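Please open the model in your viewer with side chains hidden, and bring them up residue by residue as the tour proceeds. Each stop names a selection and then describes what is found there.

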Amino acid sequence: MARPPPLGELPPDYTPPARAAAPQILAGSLKAPLWLRAYFQGLLFSLGCRIQRHCGKVLFLGLLAFGALALGLRVAIIETDLEQLWVEVGSRVSQELQYTKEKLGEEAAYTSQMLIQTPRQEGENVLTPEALRLHLQAALTASKVQVSLYGKSWDLNKICYKSGVPLIENGMIERMIEKLFPCVILTPLDCFWEGAKLQGGSAYLPGRPDIQWTNLDPEQLLEELGPFASLEGFRELLDKAQVGQAYVGRPCLNPDDPHCPPSAPNHRSRQAPNMTQELSGGCHGFSHKFMHWQEELLLGGMARDPQGQLLRAEALQSTFLLMSPRQLYEHFRGDYQTHDIGWSEEQAGTVLQAWQRRFVQLAQEALPENASQQIHAFSSTTLDDILHAFSEVSAARVVGGYLLMLAYACVTMLRWDCAQSQGAVGLAGVLLVALAVASGLGLCALLGIAFNAATTQVLPFLALGIGVDDIFLLAHAFTEAPPGTPLQERMGECLLRTGPSVALTSINNMVAFFMAALVPIPALRAFSLQAAIVVGCNFAAVMLIFPAVLSLDLHRRHCQRLDVLCCFSSPCSRVIQILPQELADRTVPVGIAHLTATIHAFAHCESSSQHVVTSLPPQAHLVPPPSDPLSSELFSPGGSTRDLLGQEEGTRQKAACKPLPCARWTLAHFARHQFAPLLLQSHTKAVVLVLFGALLGLSLYGATLVQDGLALTDVVPRGTKEHAFLSAQLRYFSLYEVALVTQGGFDYAHSQRALFDLHQHFSSLKAVLPPPATQAPRTWLHYYRNWLQGIQAAFDQDWAAGHITRHSYRNGSEDGALAYKLLIQTGDAQEPLDFSQLTTRKLVDKEGLIPPELFYLGLTVWVSSDPLGLAASQANFYPPPPEWLHDKYDTTGENLRIPAAQPLEFAQFPFLLRGLQKTSDFVEAIEGARAACAKAGQAGVRAYPSGSPFLFWEQYLGLRRCFLLAICILLVCTFLVCALLLLNPWTAGLIVLVLAVMTVELFGIMGFLGIKLSAIPVVILVASVGIGVEFTVHVALGFLTTQGSRNLRAARALEHTFAPVTDGAVSTLLGLLMLAGSNFDFIVRWYRYTRRARRS
C-alpha cells in the first residue's frame, strides 16, 4: 500500500495538513506535536487506501452490520408515563415515590375525571341559571356513560370511588346502602337539588317507589323504618355525618322541574336561586360534615367585592372520582357478576380506560356548537393515549424531511459535466446517514433505553442534520486532491486531510450529548444517551462506509459514466491535451508565489469519436495575477472547494462541455474574493470585535432575566382537547392536591405533639389553602382525637346518668359502649382488661394527646367505627388496622378484647396548594414544605411531601447547578479532546473560549425572548456546544494546517471550509425544519432555539 512520505521528505507539490508547520520540526519546537499529528493522519491515510482498495467489501459488510442493528427497532419501548419521564433519577423525590409505591402499591387511591366549563365569550360570568343548567347537561351526559365489555354493562355507579361505606349489621339496610351509597363527585351542582341527578344508585323497598337520591329523605326514611328494624347505630352515624335531608332539602336550580321535591326551599316560590349566594363558601356532598367542596375546587376566575363577598366567576369545574384498577378488581372479585368472565386486574383496567375514553367523548359533545358555554373534559387515559400517539414516529414527517434533504444534497452536488457530477454521492450519503440513525436507535432499543416523544419527534431530524455535515465535508475534500495524487491514494488523501476534523467534531458531539445526560430528568437523559449513540453510528458510517461510496463514485467518474444513471456513458466531454514538456523549461521566479497561465488553444473534432479535442501550441506566455486586496501571497490558483472538476492522474483534465458563466461563481469563490478580503481588514476586525463584545454584554444582562419553568401544556400536543383543558385549568384552577406523608421508623404514639406541630407548620405555608372555619380538621390525627373525645363525652354522660356501670354498658349509647371497651384495655397480653380504669383514665388527656398505651388499640376501633371520618381524613394507613365489629349487646370476653393495630409505616395528611402559577411559586412552596419536614425530622418524625408539584417542579431546585456542571465538564472535555487531536493548547483554548461565549449569548437570548429555563433548554444549550464545534474546529484546523502569514492562513481556511460549513449548516437547518410542524410546544421551541444555536 502506498503511504505518505515522511515529513522531512515531502515533495514541494505535496501539502498535507501536517506539512504546514514542517519547517518548525527542524527547529525542534513543535517536533513532537507535529509528529503525533502526522502519525494520526498517516493512520487515516492507510485506512482510506484500504477502504478504496476493498470498497465493495467494506460497503457490503457495513450495510449488513448497520442493517442488523436497525432491526433492534422491533423491540423498542415507548415510554409515555409522565412520572417515568420527568421525575429525577435517584433524587429524593424518586426515592419517596418508590417508598409510597412499596407501601400503597403502584396506583393512587382513585383517578380524577374532570369537566371545566368556560364561556365562549371570554370574561363572561358563569354564575347564571343558564350557565349552570348547561353545566348540568354536560355533567349529566357524562355521568350516564355506559360501556359494554366482557358481556357486562359498566356504568358510573359500578366503577366510581365511594368514600367511607359503613358496615351495618342489619342486612336489609346494608344492602340498601350498598346500592344507594353515592359516588364522590365534586361539583357546583351539589349546592342544588340537581346534584342528586348525577348519582345513579337506586334501591327498592316494598310499598315504596324506587329510592333514589332525587327523592330520598334519610330522616323520613328512618322514621318509616324505625318500627321494623333497630337502626339506632345507623341513625347515630347519619347524625354524626350531618346528612340531614341530603339533596331534597336544597334549592332547585330549575324550580319548574316537575320532579323538584316539595321540601326544596324554592319549590313554592318557583324562583331561581341566587347563584352567588348559594355557591359562596362552596358546596356539600350528602354529608355536610365530611364532604365540603371549597369554592376554589368549583369556581375559577372569581371576583369579590371589598367585603369579600362573591360577585362573579368565569369557570365551573366538576370532578368525578373513579376507583383504581386494583380497587375495582378487589370490589368485584368473587362477585356473581364477574364469576363467569375470569375477572382480573387487567380486565378492570381495561374497563376503566374504556369508560374514561367514552366519558371524555360524550362530555365534549354534550353542548351544541352554538351554546354560549364550552366544555373541556379530561381523563388520564385519554392523556396517555394522546402522548402515546404523538410519541409514535410520524412517517409523513420523517419521509418529508429526508426527501427534502435528499433533494438538497443531490442538487448541491450536481455539476454541469454529468461525468464529474456527484449527485449520486449526495443521495447515497443522505441514505447512509438515515441508515446510521436507524441503526443507532436500534442499538439503543437493544440496550434497553426507552424511547419518548423527544426521541421519535426530534432525534431523527437532528441526527440527520448533524450527520450530513460530515458527508459534505468529505465530498468537498475528495474533489480537491492535490495535483499529482495517484488515483489509488485519493481516498487516503481525503481522510488524511479531513479525517481529523470529522473525528474531532464527532467526538465532541458525543461528549456533548453524554454530558447532557447529567441532567437527571429521565426523558432528557434517555434522549441525550440516544443522541450520543446515534452520533457515534453516524461517525462510523461517515468514516468507514461513505469512503467506500466515494471510491465507487471515483471509479464511475474515471470510466466516464453518467451521474445517478451510472449504467450509461457520458455522451459529451472534451479532452484537453497539455504537453507538460512545453512548459518544463519555464522557470518561475521565487519571489512570485502564483502566476496565471494564459494559453491559446485550438479545437478540432475527431471524426472517429464524439470528443472535441483541444490542442495546445508550444508557445504560451505567463502573466502575473491581478492585484489582490490582501497582497499577492493570499490566494492560490487552485480550484475552489465547490469545483468538482478534480485533477485526474497524469496530465489529463476533463471538464464540462459548455459551462455557463454563472457556474463559475461558488461559495468558495465568494469566500476567497469577497468575504475574506473584507473580513480580514483591520477596521472590519475592530468592528466585529466591538459588535460581538456588545452582544456579549447584552447577553450577560439577558442571562439575569432568565426564569425557570416548563408548563404542563408544553409537553401535551397542541390542538388536542387535553391541551385546551390543561390551559383552562392552569388559568382558572391552579389547585394541587398534595399530602404530607409520615413514614415508619419512629413511634407515632409518643410523637403526637411533633405530628401536630408538623401539621401546624405545614398549614402556615402561604401556598396552603386553609380550610373554612366550619370545616373539621383535614388530618387523620385530628379526626381520631376528636372522635375519641366524642365517645369519651358520651361515656361520661352515660356514666353520670347510670346507663353505664362498671359491669354493664348495654343501657348506654353506642358511643358510650365503645368508650367503655377502650377504657378497660391495658395493652397487656396476659391481663388485657382492667375495669378499675373506667373512671381513672381518659381517652384523651388534658394536653390533647392520646395515651400511648391506647393509641393503636383506639386506632383499630376508630377505623372500624367511623368510616366517613376515616375516608375524609384520607389517611391511607399502612399496615391497615384490623377490622373489628362492635356489638353493644355482646358482652362476652372476646367482644371486649380489641386487637391492636400494627405500628404505622405510612400515613398522610392531605392539603391543597393554591396560587401556584409561576415556577418561583412552586419552588417557594417546595422549599417551605421541605423546611417543615426537616424541622419535624429534628423532633424524630420522618416525613416528606408528596404530590405533582414535588414530582415535576422539584427539579428546579438543582437544575441550574446541573446545567453549570454539565457545561463546565463539557468545556473541559472539549479542551482536552481538541488539545489532544490538534496538539495545540492555545487553539484548543481559543475554541473553548468561543464556545463559552456562544453559550452565554444563547443563554442571554433566552432571557430576551422570554424562554424559561427547564430541562429542555438545558439539553439544547449543552448540545449547542457540541454542535458549535462543527464550525469552529473546521476553521481552526484549516488555519493550523496552512502556511503563510496570519491573513493568508485565515483566508485559505475560510476558502476551504466556507462551502462545506455552509452546506452543513443548511443541511442541519433542513433537518430541523420538520420540527416546526410538531404538535408539542416544547419541540417547536426546541427547533426555534436550536436554529438560533446554529446561527450563532
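A residue counts as buried when its relative accessible area is under 20%, as exposed when that value is over 50%, and as partly exposed in between. The model on display is a predicted one, and the burial terms are used in this sense at every stop below.

**The whole chain**

Begin with the chain as a whole, coloured by secondary structure, where 37 helices and 20 strands can be picked out. Buried residues account for 54% of the 1096 residues in the chain, and the chain exposes about 48100 Å², of which carbon and sulfur atoms supply 58%. If contacts in the chain are restricted to residues at least 6 apart in sequence, 75% of them join residues at least 24 apart.

**Salt bridges**

Side chains of opposite charge can pair when their charged atoms come close. With a cut-off of 4 Å between a side-chain nitrogen of Lys or Arg and a carboxyl oxygen of Asp or Glu, the count comes to 16 salt bridges.

Select Arg92 and Glu954, which form a salt bridge whose closest N and O atoms are 2.4 Å apart. Arg92 lies in helix α5 (residues 92–104) and Glu954 in the loop between α32 (948–952) and α33 (959–982), so this pair ties together parts that are 862 residues apart in sequence. The two partners fall on either side of the burial cut-off: Arg92 is partly exposed, with a relative accessible area of 40%, whereas Glu954, at 7%, is buried. Now add Glu96 and Arg930 to the selection, and a network of salt bridges linking Arg92, Glu96, Arg930 and Glu954 comes into view.

Move next to Glu314 and Arg312, whose side chains meet in a salt bridge with an N to O distance of 3.7 Å. Is Glu314 buried or exposed? Its relative accessible area is 15%, and since the limit for burial is under 20%, Glu314 counts as buried. Arg312, by contrast, is partly exposed at 26% relative accessibility.

A further pair to select is Glu330 with Arg333, a salt bridge in which the closest N and O atoms are 3.0 Å apart. Glu330 is partly exposed, with a relative accessibility of 39%.

**The largest cavity**

Turn on a cavity display, if your viewer has one, and look for the seven cavities of 30 Å³ or more that the structure holds. The largest cavity encloses about 230 Å³ of space. Of the 17 residues lining the largest cavity, those closest to its centre are Ile177, Trp213, Leu216, Phe234 and Leu238, and selecting these five will bring you to the right place. Which helices each supply at least two residues of this lining? They include α8 (171–180), α9 (218–225) and α10 (232–241). Colouring the lining by residue class shows 17 nonpolar residues, with no polar and no charged ones.

**Backbone details in three loops**

Select Tyr878 and Pro879, which are joined by a cis peptide bond with omega of about -5 degrees. Pro879 is found in the loop between α29 (867–873) and α30 (893–896).

Then go to Tyr150, in the loop between β2 (146–149) and β3 (152–155), where phi is near 60 degrees, a positive value in a residue other than glycine. Tyr150 is partly exposed, with a relative accessible area of 32%. Arg270, in the loop between α10 and α11 (275–279), also has a positive phi, of about 60 degrees, although it is not a glycine. Arg270 is partly exposed, at 40% relative accessibility.

**Two buried helix residues**

Select Pro1060, which is found in helix α36 (residues 1046–1073) and is buried, with a relative accessible area of 5%. Add Ala668 and draw a line between the two C-alpha atoms: Pro1060 and Ala668 are 9.2 Å apart in space, although 392 residues separate them in sequence.

The last stop is Asn509, in helix α20 (residues 490–516), a residue that is buried with a relative accessible area of 1%. Which residues is Asn509 in contact with, leaving aside its neighbours within four places in sequence? Extend the selection to Ile466, Val535, Gly1026, Ile1027 and Glu1030, and the contacts of Asn509 under that condition are in view.

How values were computed:
Residues are numbered from 1 along each chain as its sequence is written. This is a predicted model: local features need pLDDT of at least 70, side-chain atom pairs count only at pLDDT 80 or more; totals for chains, interfaces and linings use all residues. Side-chain values use heavy atoms; hydrogens and water are left out. Helices (H or I, at least four residues) and strands (E, at least two) are DSSP runs, numbered from the N terminus. Buried means under 20% relative accessible area, exposed over 50%, partly exposed in between (1.4 Å probe, protein chains only). On a 1 Å grid over the protein atoms alone, a cavity is a set of points where a 1.4 Å probe fits but cannot get out, and a pocket is an open set with protein on both sides within 12 Å along at least five of seven lines; lining residues have an atom within 4 Å of a point. Grid points are joined across faces, edges and corners, and a volume is the space filled by probe spheres set on the points. Ala, Val, Leu, Ile, Met, Phe, Trp, Tyr, Cys and Pro count as nonpolar, Asp, Glu, Lys and Arg as charged, and the others, Gly among them, as polar. Contact means heavy atoms within 4.5 Å. Accessible areas come from the Shrake-Rupley method with a 1.4 Å probe; for residues, only the protein chains shown count as cover.
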